[in-house]
Amino acid sequence: METVESLSKKIESLERQLNETQAVSRQYLQNVAHQLTAPIGAIKWSIEALRDERVPLARKQTLMRSVYSQSTILVHVIKNFTLMSNLEADHELGQFREQPEPTDIRLLAINLVNDFQPQAYERGITIDVNDDSFDKTYRDKLLEIEKNLVAQALSNVIENAVKYADPDSKIEVRAWLSTNCIGLVVESQGIPISPSDTKRIFERGFRGTSAQQSVAAGTGFGLYLASRIMDFHHGSIFVEPKGRRSSFKMEFPKSRLIG
Ligand SMILES: Nc1ncnc2c1ncn2[C@@H]1O[C@H](COP(=O)(O)OP(=O)(O)O)[C@@H](O)[C@H]1O
Ligand SMILES: [Mg+2]
């Protein structure tokens, strides 16, 4: 009798687990669908307006910028989903790993910032890459890193800065150096990060309450992926919030500096 009872308990618990897993994957799929639908909808809408002869040229330029910006978001979202599902299946992100290669981190930052300029422009935000700080910190040295993964981590951080910053504010990307580490900082001003959120924003799926209220679109995967990618490099990512200003610091061991 006892065995039957314990078996039925096990079955019940398995059933609960199965339901939970199904709920999680349903939620995940809904998230994927929502994240893909929003930019595609915006692109379609812009293209329709572009075809309209009555729309003035100046407006068409804005619409073109918006198409570019939405496509960037789309590529970015898809890359994140691909990395996420790979991480679920394989904790080491096997198929995405590459040989670390000497990388000009300033150039990487400039290229990514350019990708997000149209999105920033729409909200009156300027993004500056502080050349002086890179000159002083890196001189002509390169960082030995897995370039595409670090690019994804950094673009997640820049995307957040644009998404959660105050309209008409300024975002700064600058080089960062400490005794043992070298890296960069992305500083923005906008939605404050509370002390309790500071601990949790790097968790998989976590989104801040006020962030969620002001920007509906989001999965809570961005910073989780960024921190996993920094782990692969024996580096780290952390945030230093000061009121409405937040500095996200990404750091690598100095031993990755070459040249
Ligand atoms: N630059 C920022 N300013 C304010 N809050 C931020 C910033 N970057 C991240 N956050 C907070 O960290 C949370 C997690 O970020 P992320 O993992 O990229 O997920 P998502 O952007 O999809 O919400 C956000 O929901 C937000 O609360
Ligand atoms: Mg994000």
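Helices H2 and H8 are oblique to each other, because their angle of about 60 degrees falls outside the ranges that count as roughly parallel, antiparallel or perpendicular. Keep in mind as you look around that this is a predicted model. Besides its helices, the model has an open sheet of five strands and another open sheet of three strands. There is also a ligand, with 22 residues around it.

**How H2 meets H8**

- The partners here are helix H2, residues 57-89, and H8, and their axes lie 11 Å apart.
- The two helices cross in the left-handed sense.
- On the H2 side, the contact is made by Asn80, Leu83, Met84 and Leu87, while H8 brings Gly222, Leu225 and Arg228.
- Sorted by class, the residues where H2 touches H8 are four nonpolar, two polar and one charged.

**How H2 meets H3**

- H2 also packs against H3, at an angle of about 120 degrees and with the axes 8 Å apart.
- That angle makes H2 oblique to H3 as well.
- The crossing of H2 and H3 is left-handed.
- To find the contact, look for Arg65, Ser66, Tyr68, Ser69 and Thr72 in H2, which meet Asp115, Phe116, Pro118, Gln119, Tyr121 and Glu122 in H3.
- The contact of H2 with H3 has four nonpolar, four polar and three charged residues.

**How H3 meets H5**

- The axes of H3 and H5 cross at roughly 35 degrees and come within 10 Å.
- This crossing is right-handed.
- H3 contributes Leu108, Ala109, Leu112, Val113, Asp115, Phe116, Gln119 and Ala120 to the contact, and H5 contributes Lys147, Ala151, Leu154, Ser155, Ile158, Glu159 and Val162.
- By class, the contact between H3 and H5 is made of 10 nonpolar, two polar and three charged residues.

**The five-stranded sheet**

- In what order do the strands of this open sheet stand? Reading across, you meet S2, S4, S5, S7 and S6, and the pairing is mixed.
- Strand S2 (126-129) and S6 stand at the edges with a single partner strand each, so one side of each has no neighbour in the sheet.
- From one strand to the next, the twist averages 20 degrees.
- Helix H3, residues 105-122, packs on this sheet and touches S2, S4 and S5. The direction of H3 makes about 175 degrees with that of S2.
- Strand S4 (residues 170-177) and strand S5 (residues 181-189) run antiparallel and are joined by six bridges.
- One pair to look for is arginine 174, which stands opposite valine 185 in S5.
- Strand S6 (residues 236-242) pairs with strand S7 (residues 245-253) in the antiparallel sense, over seven bridges.
- Glutamate 240 faces serine 247 of S7 across that pairing.
- S6 and S7 form a hairpin with two residues between the strands. In the turn, glycine 243 has a positive phi of about 60 degrees.

**The three-stranded sheet**

- Here the order is S1-S3-S8, and the pairing is antiparallel.
- Strand S1 (101-103) and strand S8 (257-258) are the edge strands, each with a single partner, so one side of each is left without a neighbour in the sheet.
- Two bridges link strand S3 (residues 142-145) to S8 in the antiparallel sense.
- Leucine 142 stands opposite isoleucine 258 in S8.

**Around ligand 1**

- Which residues are the closest to ligand 1? They are Asn160, Gly208, Ala211, Gly218 and Gly222.
- Helix H5 (147-164) and helix H8 (222-232) each supply at least two residues of the shell around the ligand.
- The largest share of the shell, four residues, comes from H5.
- By class, the shell residues divide into 10 nonpolar, 10 polar and two charged.
- Some elements play more than one part in this picture: H5 lends residues to the shell around ligand 1 and also crosses H3.
- Gly222 likewise appears twice, as one of the closest residues to ligand 1 and as part of the contact between H2 and H8.

Conventions. Residues numbered from 1 in each chain as written. Chains lettered and ligands numbered in written order. Predicted model: local features only at pLDDT ≥ 70, side-chain atom pairs only at ≥ 80, totals over all residues. Near = placed C-beta within 6 Å. Nonpolar A, V, L, I, M, F, W, Y, C, P; charged D, E, K, R; others polar. Pairing = 2+ DSSP bridges. Axes fitted to C-alpha atoms, helices over the stretch in contact; angles between N-to-C directions. Contact = placed C-beta atoms within 7 Å. Parallel < 35°, antiparallel > 145°, perpendicular 65-115°, else oblique. Left-handed = near helix turned anticlockwise from the far one by under 90°.
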